[in-house]
Amino acid sequence: MTTPTAILIPGFWGEVIAPDNDGYDDARAVWNGTVDRRPRLIARCSGTADVTAAVRFARARDLEIAVRGGGHNVAGTAVCDDGIVIDLSAMRAVTVDPVERTVRVQGGALWGDVDHQTQAYGLATTGGIVSHTGVGGLSLGGGIGWLMRKHGLAIDNLVEAELITAEGDLIRASANDHPDLFWALRGGGGNFGVVSSFRFTLHAVGPTVMAGPVFWAAEDTTDVLRFYRDFVTDAPDELGNVVRLGTIPPSPGVSEELHFRPAIAVASCYAGPVEDGERAVRALREFGTPLVDLVGPTLYVDHQSGIDDTVPHGWHYYWKATNLTYLSDEVIDIIAEHAYHATSPRSYAAIFHMGGAVARVLRDATAYPSRDVEHNMSIDAVWLPEQDDTVRAKEIAWAREFLAALQPHSAGVYVNFLDSDDDASRVREAYGDDKYWRLAEVKAKYDPENVFHNNKNIQPGASAAT
Ligand SMILES: Cc1cc2nc3c(=O)[nH]c(=O)nc-3n(C[C@H](O)[C@H](O)[C@H](O)COP(=O)(O)OP(=O)(O)OC[C@H]3O[C@@H](n4cnc5c(N)ncnc54)[C@H](O)[C@@H]3O)c2cc1C
């Protein structure tokens, strides 16, 4: 029997889901199927007023709080045991202002929601490369994607955010309102409150772009990466690139005999005229002997959802990550040696090419710390829920060993790629001491009791010194 929601949380008009309600197990599930937490309540908010009501309710009862945007964080911080989940998954409205070229996005929207609405006007902003990822967590950690070298990170396009504080107050953060908070929100994650809506700047993109992956055999990895290193050095800002090392996913356009064959791919997206994009990727496509070349004029929205099926909800995931300043020969050798040692054909490593507009924003302008690195790498172990602990152990060992080999070349880490066993020292590593301390001061001002700690946690000022 469903509990009447209005009675449970005063002033709350959304849906409250308790352990004995239908749908509880679906509502507590997040993207990473290894996460199995049992909150006391899930408060599925219908709007900003519900977020305020839920925060106040939780504070009055001293409940543990988790905040759910898209539910994609690999560490599963969107859900907690025995507390309340402030669930924004029903808050996905996206409103485009085509004249001002901005978009207002509710805190639980997914990138697919944003691309769908903005592309109707031929506009876009930098978002993640998988359409079912949440805008909330991705943006608050920085937000890397295909458009970043031309248009900056997601946070570089953030104009303002509406936020509910730990006290349950509704405030606005922008360059003029609470500028300290606005600085911290742009990279500091979900540490400072619940963002009920974001407003981002938009840019003309597509609707058709030159985009897609080229695959080469795994044996060609060293040659491809050496070529790629030089290729991206001269690449225009319009060209976004991601290297993927693993196997070829069984996707449309790939003949069956190539499915799950070990391979290196370079996927590109050119944020400009298709003819210019054709020229920009020509040398890449002509390099060596590709197994398959899927680059071509493509709808931007299709490209943005092109790899969705390779990382579906409910599979089991474990991630390691590091930034890399440069793809030296030594780094390339390490990558080539480790990339294909995973036993699961679904595991892969991805290397995002940074630079361009990301690097041109002053380092101190936002909390995001890693503007000077050329590459951002994640090592993603993936296995199926039905596979046993032996597979799990092997995949986790693969990711850990791969990272350990790269560690001497590490230049920090992207906070959004940290997993649950990355301890607090890696959060510090992600920000570096100077940013961490500044974030800790802002945290002490807006959330002194560390109410929002189910995240990549910044400890409030004074206690951070210990
Ligand atoms: C398949 C996949 C692809 C990805 N691709 C990219 C990519 O291309 N670029 C990139 O930068 N990252 C990428 N990521 C990483 C991604 O940025 C993080 O997983 C991020 O946390 C996802 O946000 P979410 O809202 O879905 O997560 P959730 O798990 O819902 O939230 C994670 C944390 O963010 C905070 N949070 C979320 N929403 C809000 C909100 N509205 N207000 C306050 N706090 C909030 C909370 O602290 C929460 O614990 C990817 C992740 C996955 C799983």
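So, Ala43 in β2: its bridge partner in β4 is Ile86. That pair is a handy way in, and keep in mind as we go that this is a predicted model. β2 and β4 run parallel, and four bridges join them. Now look to the other neighbour of β2. Val16 stands opposite that Ala43 in β2, and here β1 and β2 pair in the antiparallel sense, over three bridges.

Okay, let's step back and put the sheet together. Which order do the four strands take? They go β1-β2-β4-β3, in an open sheet with mixed pairing. β1, residues 15-17, and β3 stand at the edges with a single partner strand each, so one side of each has no neighbour in the sheet. From one strand to the next, the twist averages 20°.

On the β3 side, β3 and β4, where β4 is residues 84-87, pair in the parallel sense over four bridges. If you want a pair to click on there, Arg68 has Asp87 in β4 as its bridge partner. Then there's a helix on this sheet: α3, residues 48-60, packs on it and touches β2, β3 and β4. The direction of α3 makes about 165° with that of β4.

While we're by α3, have a look at the loop between α3 and β3, because that's a general spot worth a pause. Asp62 is in that loop, and its phi is near 55°, a positive value in a residue other than glycine.

Next, the other sheet I wanted to show you. Five strands form this one, in the order β5-β6-β10-β8-β9, again as an open sheet, and the pairing is antiparallel. Which strands stand at its edges? β5, residues 94-97, and β9, residues 170-174, each with a single partner strand, so one side of each is left without a neighbour. The twist here averages 15° from one strand to the next.

Zoom in on β5 and you'll find four bridges joining it to β6, residues 102-106, with the two running antiparallel. Within that pairing, Thr95 has Arg104 in β6 as its bridge partner. There's a helix to find here too: α4, residues 111-119, lies across β5, β6 and β10, and runs at about 35° to β5.

One more backbone detail before the ligand. Gly206 and Pro207 are joined by a cis peptide bond, with omega about 5°. You'll find Pro207 in the loop between β11, residues 203-204, and β12, residues 208-217.

Right, the ligand. Which residues come nearest to it? Of the 35 around it, those are Gly69, Gly71, Thr77, Ile144 and Tyr414. Sorted by type, the shell has 16 nonpolar residues, 18 polar ones and one charged. Some of the shell comes from elements we've already met: β3 and β10 each supply at least two residues, and so does α5, residues 135-141. With four residues, α5 gives the most.

Now for some polar contacts. A polar side-chain atom of Tyr414 is 2.6 Å from an oxygen atom of the ligand. For Gly69, a backbone N or O atom lies 2.7 Å from a ligand oxygen. Val195 also uses its backbone: a polar atom there is 2.8 Å from a nitrogen atom of the ligand. And how much of the ligand does the protein cover? The answer is 97% of the 940 Å² of accessible area that the ligand has on its own.

Note on methods: Residues are numbered from 1 along each chain as its sequence is written. This is a predicted model: local features need pLDDT of at least 70, side-chain atom pairs count only at pLDDT 80 or more; totals for chains, interfaces and linings use all residues. Side-chain values use heavy atoms; hydrogens and water are left out. A residue is near a molecule or strand if one of its heavy atoms lies within 4 Å of it. A polar contact is a pair of N or O atoms within 3.5 Å; within protein, one must be able to donate a hydrogen and the other to accept it, and residues adjacent in sequence count only if both atoms are side-chain atoms. Accessible areas come from the Shrake-Rupley method with a 1.4 Å probe; for residues, only the protein chains shown count as cover. Ala, Val, Leu, Ile, Met, Phe, Trp, Tyr, Cys and Pro count as nonpolar, Asp, Glu, Lys and Arg as charged, and the others, Gly among them, as polar. Two strands pair if DSSP finds at least two bridges between them. Axes are lines fitted to C-alpha atoms, for helices over the stretch in contact, and angles run from 0 to 180 degrees between N-to-C directions. Contact means heavy atoms within 4.5 Å.
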